[in-house]
Amino acid sequence: MPPIHSSPYFQMDNPAILSLLRPTPGEKHRKPTSSSGGLLRMFKLFPMLTSGCKMVALLGRPRKPMLKDSATTGTIFGYRKGRVCLAIQDDPHSVPIFVIELPMLTSLLQREMASDIVRIALESETKTHKKKVLEEFVWAVLCNGRKMGYSIRRKQLSDDELHVMQLLRGVSMGAGVLPSPNDKETVTADGELTYMRARFERVVGSKDSEAFYMINPDSAASGPELSIFFRLTLLHT
């Protein structure tokens, strides 16, 4: 098992974790290239991208202001031949408030995206209302209405997950391929490390439910392409 770094939460005296909270001195942000398509369309194109492509397809500025300061950052990432992970942050520079490895392969999620609308639902059973929704650990995961299996929320970040968070700390939204954490090359035995990052509107429905709706950078789109739902069910004893 690879080394891990604690989170919620995470130990704040770890230099690697702390680096997420501040920009590197002299760090310059590359201007994103323009794109007329949605983030999910970019993510679906990954099997056709060449291995030399790194952090490609960063989206251009939206035609009208739509990224509120209160918007939440969501990142979906994983190796093509491995499982996909979901990370939720208050902003790209903050420590993730929720990280989970979903019980589905990256390739399967890409096929689901062929419908252009993806709804991921996480449901958990609890015996108490004392915990906040995102503090629950065991989740049943559904994608577009189909049950995928069960996952456990990360208490700690793995090296791969921390690597992705560090590389994307200056990215608000985009999709592409990242270098692997071990050899700094793009291709590994598990395939390329792909990611999709977007801003989400966080809606608290009740003390037992929350939803995250992707803010579409394409103003011509009719609605969110990706929605993530969290729901708790109280167990009666």
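This passage describes the nonpolar cores, the strand pairing and one exposed loop residue of a predicted model.

The largest nonpolar core holds 29 residues. Within this core, F98, L102, I120, L122, L226, I228 and F230 touch the most other members. Seen by strand, at least two core residues come from each of β3 (83-89), β4 (98-105), β5 (118-126) and β6 (138-143). The same holds for β11 (191-206), β12 (209-214) and β13 (226-234). A further core lies apart from this one. That second core has 14 residues, including Y79, L157, L178 and Y195.

L122 illustrates the packing. Leaving aside residues up to four places away in sequence, L122 touches F98, I100 and L102. L122 also contacts W139, A140 and V141. Its remaining partners are I228, F229, F230 and R231.

Strand pairing involves the same region of the chain. β5 and β13 run parallel and are joined by 9 bridges. In this pairing, L122 stands opposite F230 of β13. F230 is thus listed both as a contact of L122 and as the residue facing L122 across the strands. β13 also pairs with β12, here in the antiparallel sense, over 5 bridges. Y213 stands opposite S227 of β13.

S70 offers a separate case. This serine sits in the loop between α2 (39-44) and β2 (72-79). S70 counts as exposed because its relative accessibility is 62%, and the cut-off for exposed is over 50%. Along the chain, S70 and E201 are 131 residues apart. Their C-alpha atoms, however, are separated by 7.9 Å.

Key:
Residues are numbered from 1 along each chain as its sequence is written. This is a predicted model: local features need pLDDT of at least 70, side-chain atom pairs count only at pLDDT 80 or more; totals for chains, interfaces and linings use all residues. Side-chain values use heavy atoms; hydrogens and water are left out. A nonpolar core is a set of buried Ala, Val, Leu, Ile, Met, Phe, Trp, Tyr and Cys residues joined through side-chain atoms within 4.5 Å. Buried means under 20% relative accessible area, exposed over 50%, partly exposed in between (1.4 Å probe, protein chains only). Helices (H or I, at least four residues) and strands (E, at least two) are DSSP runs, numbered from the N terminus. Contact means heavy atoms within 4.5 Å. Two strands pair if DSSP finds at least two bridges between them.
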